Amino acid sequence: MTISQDKVVAMHYTVTDPQGNELDTSVGGEPLVFLFGHGSLIPGLEQALAGKAAGAKFKADIKAAEAYGERHDALTQAVPKSMFDGMDVSVGKRFRAAGPDGREQSVIVLEVTEDEVVVDGNHPLSGIDLSFDVEVMLVRDATEEELDHGHVHGLDGHADH
């Protein structure tokens, strides 16, 4: 069985940046388990996985545009510090905020001055090409319940309670 729309996939991965720094890994822990074709993964990794079978081991180099997207300068802005009244605001803190289109997005604090807070709404990995080392552990059909719910209910298709 190969990876395609509505298949459940379990995989181990290690992701690195262009300098070879490890950003995340599932190796040594639980595999990542997801319903393929439902937007759970970055587009480039999903494309690289399509057609692979259990036991496949491969490396995928994903350009920023197919990972977390390019950086957008317009998503970095200075806002009045008064918007954070009563909150602990410091560099590196994350907050949820309304974006320009009204949808909620995550922002990270880049700078705090006496009057302003500079926030960045870009994903922390935007603008970065990523390399994935992947091992596909399992590919199976999704259960009807998983398809109805739009997510996986464990490796074997049963919810862990």
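In this predicted model, the side chains of Asp141 and Lys7 come together in a salt bridge, with an N to O distance of 2.3 Å. The pair ties together distant parts of the chain: Asp141 belongs to strand E9 (residues 130-141) and Lys7 to strand E1 (residues 7-16), with their positions 134 residues apart. The two partners differ in their surroundings, since Asp141 is partly exposed at a relative accessible area of 44%, whereas Lys7 counts as buried at 16% relative accessibility. Side chains of opposite charge can pair when their charged atoms come close.

The bridge between Asp141 and Lys7 belongs to a set of 6 salt bridges found in a search of the whole structure. Another member of the set joins Lys93 to Asp88, whose closest N and O atoms are 3.4 Å apart. Here Lys93 is partly exposed, with a relative accessible area of 31%, and Asp88 is exposed, with a value of 51%. Arg140 and Glu146 also form a salt bridge, and their closest N and O atoms lie 2.9 Å from each other. In this case Arg140 is buried at a relative accessible area of 13%, and Glu146 is buried as well, at 0%.

Just before Lys7, the backbone deserves a brief look. Asp6 sits in the segment before E1 and has a positive phi of about 70°, although this residue is not a glycine. Most residues other than glycine have a negative phi. Asp6 counts as partly exposed, at 28% relative accessibility.

Further along the chain, attention turns to Thr16 and Asp17. Thr16 is placed in strand E1 and counts as buried, with a relative accessibility of 17%. Apart from its neighbours within four places in sequence, Thr16 is in contact with Asn21, Glu22 and Leu23, and also with Asp129, Leu130 and Ser131. Asp17 lies in the loop between E1 and strand E2 (22-25). With neighbours within four places in sequence again left aside, Asp17 is in contact with Leu23, Ile128 and Asp129.

What is the nearest side chain of opposite charge to the buried Asp17? That side chain is Lys59, which is 10 Å away, and Asp17 has no salt bridge. The side chain of Asp17 does, however, reach backbone nitrogens: that of Gln19 at 3.0 Å and that of Asn21 at 2.9 Å. Asn21 thus appears both here and among the contacts of Thr16.

Lys59 itself is part of strand E4 (residues 57-62), along which the side chains alternate. Phe58, Ala60 and Ile62 point to one face and are buried, while Lys57, Lys59 and Asp61 point to the other face and are not buried. Strand E4 runs antiparallel to E9, and 6 bridges join the two. Within this pairing, Asp61 stands opposite Ser131 in E9. Ser131 is also one of the residues in contact with Thr16, and E9 is the strand that holds Asp141 of the salt bridge with Lys7.

A separate view of the fold comes from an open sheet of 4 strands, arranged in the order E5-E8-E7-E6 with antiparallel pairing. Its edge strands are E5 (76-80) and E6, each of which pairs on one side only. Neighbouring strands of the sheet are turned by 45° against each other on average, with direction ignored. At the E6 edge, 5 bridges join E6 to strand E7 (residues 104-112), and these two strands run antiparallel. Arg94 stands opposite Ile108 in E7.

Ala97 offers a closer look at this edge. Ala97 is found in strand E6 (residues 94-98) and counts as partly exposed, at 27% relative accessibility. Not counting residues up to four places away in sequence, Ala97 touches Arg103, Glu104, Gln105 and Val107. Ala97 and Gly121 are 24 residues apart in sequence, and their C-alpha atoms are 8.8 Å apart in space.

Definitions and conventions. Residues are numbered from 1 along each chain as its sequence is written. This is a predicted model: local features need pLDDT of at least 70, side-chain atom pairs count only at pLDDT 80 or more; totals for chains, interfaces and linings use all residues. Side-chain values use heavy atoms; hydrogens and water are left out. A salt bridge is a side-chain nitrogen of Lys or Arg within 4 Å of a carboxyl oxygen of Asp or Glu. Buried means under 20% relative accessible area, exposed over 50%, partly exposed in between (1.4 Å probe, protein chains only). Contact means heavy atoms within 4.5 Å. Two strands pair if DSSP finds at least two bridges between them. Axes are lines fitted to C-alpha atoms, for helices over the stretch in contact, and angles run from 0 to 180 degrees between N-to-C directions. Lys and Arg count as positive and Asp and Glu as negative; His and the chain ends are not counted. A polar contact is a pair of N or O atoms within 3.5 Å; within protein, one must be able to donate a hydrogen and the other to accept it, and residues adjacent in sequence count only if both atoms are side-chain atoms.
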